[in-house]
Amino acid sequence: MGTVWLLMQASLGFALAVAVVRVFTFVSELWQIRSYMRRLQKSGKPVPPHSLVMGHLLQAKAASEELPPGAHSAYVTNRLATKLNAEAYYFDPWPVADPLLVVTDYRLASQATNHEWTGSVKPPMLSRWFAPISGRGGVNLFTQNGAEWRREHEIFLPFFNNANLDATLPAVIGEMLIFRDILRQKTQQKDIMLLEPLTLNLMNDVIGRVIFNAELKNQTSGSHPLSKAMLRQLGLKFTENDVVQSLGNLNPLRSLEIWYNGRVLNQKIRAQIKRRAAAFQATKRSGDHFSSSAMLDRVLANYFSEPGHLHLTSVDEKFLTMLCAQLRMFFFAGYDSTSSTMISLCYLIWKHPEVLAKVRAEHDEVLGRNTEACPGKIVENPSILNSLHYTTAAIKESMRLLPAAAGARCGCKDLVLKGSDGMEYPTEGISVQMNHVAIMRNPATWPRPLEFLPKRFLVGPEHELYPPKGAWRIFELGVRNCTGQAFVMKELRVFLALVAREFDFKECYDEVYSEQKVDLTHVFNEKAFLTESGSAHPRGKFPCRVSLSGYTSASS
Ligand code: HEM
Ligand SMILES: *[C@@H]1O[C@H](CO)[C@@H](O)[C@H](O)[C@H]1NC(C)=O
Ligand SMILES: *[C@@H]1O[C@H](CO)[C@@H](O)[C@H](O)[C@H]1NC(C)=O
């Protein structure tokens, strides 16, 4: 009895001590951040009204109440910048995230991304965000730094070279033709439909083919275990869509579920890696050449061809762990934001008939008027996509108005950003956040900022619409820019080439949201404003009617 009693007392004492230490670190962290904010405020830097206990959470809440429900946090932080009339300001969302310098002007963003140290360093809090997505504590190409980033970045680069990306196009186009068939069926019905589930399924299958060399078949016959586990994981992470609600991530049951599903996901991905490694070994034994453009296959072929690895018949555990985490990240990076951008295209281009007409005319001219022959033409000569100048400009303009992502860098003592009014912004201990919504609608940079004018990207420097270098930064710039950008631009041009002439998309927001009168002023009167869901997604999965345009039959 005595020992049990002693043990109970000891463990109680231990638990108490742990709790005291936790509370102490929590309070001291809070105190440090809060007094830092006070100092910045006192020295005249732009800081929204700050509360000792709540930091900026109340400010964020007030700003989000001026926005329609579900609006993305980028609009919230943009709204606070507008209220302060500042190019950049300090924002303290602790304990939701570390303190930020929110940047709304490309010139300050460029100072950060061009800086010798900061330009290549991602803030540590990103790993926390990515942990459920990639596993491995959130360590992946997005979040890694220094030598480790360089080493692992190199491993994946061969996939992204232009010739290899072109070699993926038959698979990409194959999936897009399935998407086109599904759309054709949808034109038979007059009801409102949601487009986003279809583009997500499409991108799911594209990623399956080009990353994993797997047929996930989510467009046609349900879910492959691999994508099911991945989508479940993303679903667990992204159920919250509010800055304040994201505190819900502290829910221990949710964490347990994420941990468990993460294990299932790893099993599925490891199984696929092992399958492809075995396929490589079998090809090697038979003396054939292992040719595949899929990322996983390229990585494995290189791995087994390294001088020290020639004797290996399977992947070693360390490499397997690394590959598994990176592939999980690539699944997410490759799928979510591209699908979201496809929706932005269907919303913005079809909202502007004059732009749509020019896109279609360019497709006739470059790809020929026979739309049935178009996919084959692209496969045969992928560089034909480079001649779609107007289409590319329309894509860039859509991305400008509805950017799916944002940028973040780790500030440092040596980096003090300089505003156009001479204001100095120290960045030590702060994450510099490039707010793409704000930067790419900034009236100081963009003439007629809210208008949809693809022409901006076609005119020369003498034209008033010509954007300055570094202003359009949808994929961010500098050393840590988006690895997938060339691939994205190919996919989106193919997407438009296959759907723009045949279909019409008519958004139906007013019908679907007729009950809910919302004020769209601070989301720039955009009915398909961005909402929080992984990468930023146009609102409400894009309710629309899709019909046959009649353009193709008229032209062929
Ligand atoms: C419309 C689609 C996409 C957008 C808007 C986008 C945007 C971005 C942005 C803004 C960054 C830089 C983040 C920062 O500076 O903090 C980034 C990084 C990255 N993106 Fe994308 N991305 C897209 C699609 C893709 C695709 C399809 C892939 C791969 C298949 C990809 C892979 C990556 C990777 C690996 C990084 C990390 C690069 C590094 O830090 O070294 N992205 N992306
Ligand atoms: C694709 O996957 C999602 C998520 O698992 C699922 O809801 C959907 O039904 C799947 N598609 C088809 C055609 O079954
Ligand atoms: C993008 O990043 C790569 C890899 O670090 C770099 O070589 C390239 O110059 C960067 N491009 C731009 C436009 O910043």
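Start by selecting Ser223 and ligand 2: a polar atom in the side chain of Ser223 sits 3.0 Å from an oxygen atom of ligand 2. The model on screen is predicted, and every distance given on this tour is computed from it.

**Around ligand 2**

Keep ligand 2 in view and ask how much of its area the protein buries. On its own the ligand exposes 360 Å², of which the protein buries 52%. Now add the surrounding residues to the selection: Asn201, Asn218, Gln219, Gly222, Ser223 and Leu231. By class these split into 1 nonpolar, 5 polar and no charged.

Two further contacts can be labelled here. Draw a distance from the side chain of Asn218, where a polar atom is 2.4 Å from an oxygen atom of ligand 2. Then go to Gly222, where the polar atom belongs to the backbone and an oxygen atom of ligand 2 is 3.1 Å away.

**Around ligand 3**

Next, select ligand 3 together with Trp149, His153, Leu477, Gly478, Val479 and Asn481, the residues around it. This shell holds 3 nonpolar and 3 polar residues, and no charged ones.

Show the backbone of Gly478 and Val479. A polar backbone atom of Gly478 is 2.9 Å from an oxygen atom of ligand 3. For Val479, a backbone N or O atom comes to 2.8 Å from an oxygen atom of ligand 3. Switch to side chains for Asn481, which places a polar atom 2.4 Å from an oxygen atom of ligand 3. Of the 360 Å² of accessible area that ligand 3 has on its own, the protein covers 43%.

Leave Trp149 displayed, as this residue of the ligand 3 shell is also listed among the closest residues to ligand 1.

**Around ligand 1**

Select ligand 1 and centre on its iron atom. Which protein atom is the donor to this iron? The single donor from the protein is SG of Cys482, at 2.3 Å. Trace the chain on either side of Cys482: this residue is in the loop that runs between helix H16 (436-439) and helix H17 (485-499).

Now expand the selection to the shell around ligand 1. It contains 28 residues, and the closest are Trp149, Ala408, Arg409, Arg480 and Cys482. Divided by class, the shell has 15 nonpolar, 9 polar and 4 charged residues.

Three side chains are worth labelling for their polar atoms:

- Arg409: a polar side-chain atom is 2.7 Å from an oxygen atom of ligand 1.
- Trp149: an N or O atom of the side chain is 2.8 Å from an oxygen atom of ligand 1.
- Lys122: a polar side-chain atom is 3.3 Å from an oxygen atom of ligand 1.

Colour by secondary structure at this point. Two or more residues of the ligand 1 shell come from each of helix H12 (317-351) and strand E4 (407-410). Helix H12 contributes the most, with 7 residues.

**Aromatic rings**

Hide the ligands and display the rings of Phe, Tyr and Trp. How many aromatic pairs are there in the model? The count is 28. For one of them, select Tyr303 and Phe304: the two rings are edge-to-face, 5.2 Å from centre to centre, with 75 degrees between their planes. Tyr303 has a relative accessible area of 2% and is therefore buried. Phe304 is buried as well, with a relative accessible area of 1%.

Then select Trp129, Phe130, Phe142, Phe238 and Phe332, which ring pairs link into a cluster.

**Arg34 and Asp92**

Move to helix H1 (residues 2-42) and pick out Arg34. Is this arginine buried or exposed? Arg34 counts as buried because its relative accessibility is 1%. Add Asp92 to the selection to see the partner: the side chains of Arg34 and Asp92 are joined by a polar contact of 2.7 Å.

**Ile211 and Asp297**

The last stop is helix H8 (residues 196-212), where Ile211 is found. With a relative accessibility of 3%, Ile211 counts as buried. Select Asp297 too and draw a line between the C-alpha atoms. These two residues are 86 apart along the chain, while 8.3 Å separates their C-alpha atoms.

Definitions and conventions:
Residues numbered from 1 in each chain as written. Chains lettered and ligands numbered in written order. Predicted model: local features only at pLDDT ≥ 70, side-chain atom pairs only at ≥ 80, totals over all residues. Heavy atoms only, no water. Near = heavy atom within 4 Å. Polar contact = N/O pair within 3.5 Å; in protein donor to acceptor, adjacent residues only side chain to side chain. Areas by Shrake-Rupley, 256 points an atom, 1.4 Å probe, with all protein chains shown as cover. Nonpolar A, V, L, I, M, F, W, Y, C, P; charged D, E, K, R; others polar. Donors = N, O, S within 2.8 Å, 3.2 Å for Na, K, Ca; no water. Helix = DSSP H or I, 4+ residues; strand = E, 2+ residues; numbered from the N terminus. Phe/Tyr/Trp six-rings, centres within 6.5 Å; stacked < 30°, edge-to-face > 60°. Buried < 20%, exposed > 50% of the residue type's maximum accessible area, 1.4 Å probe, protein only.
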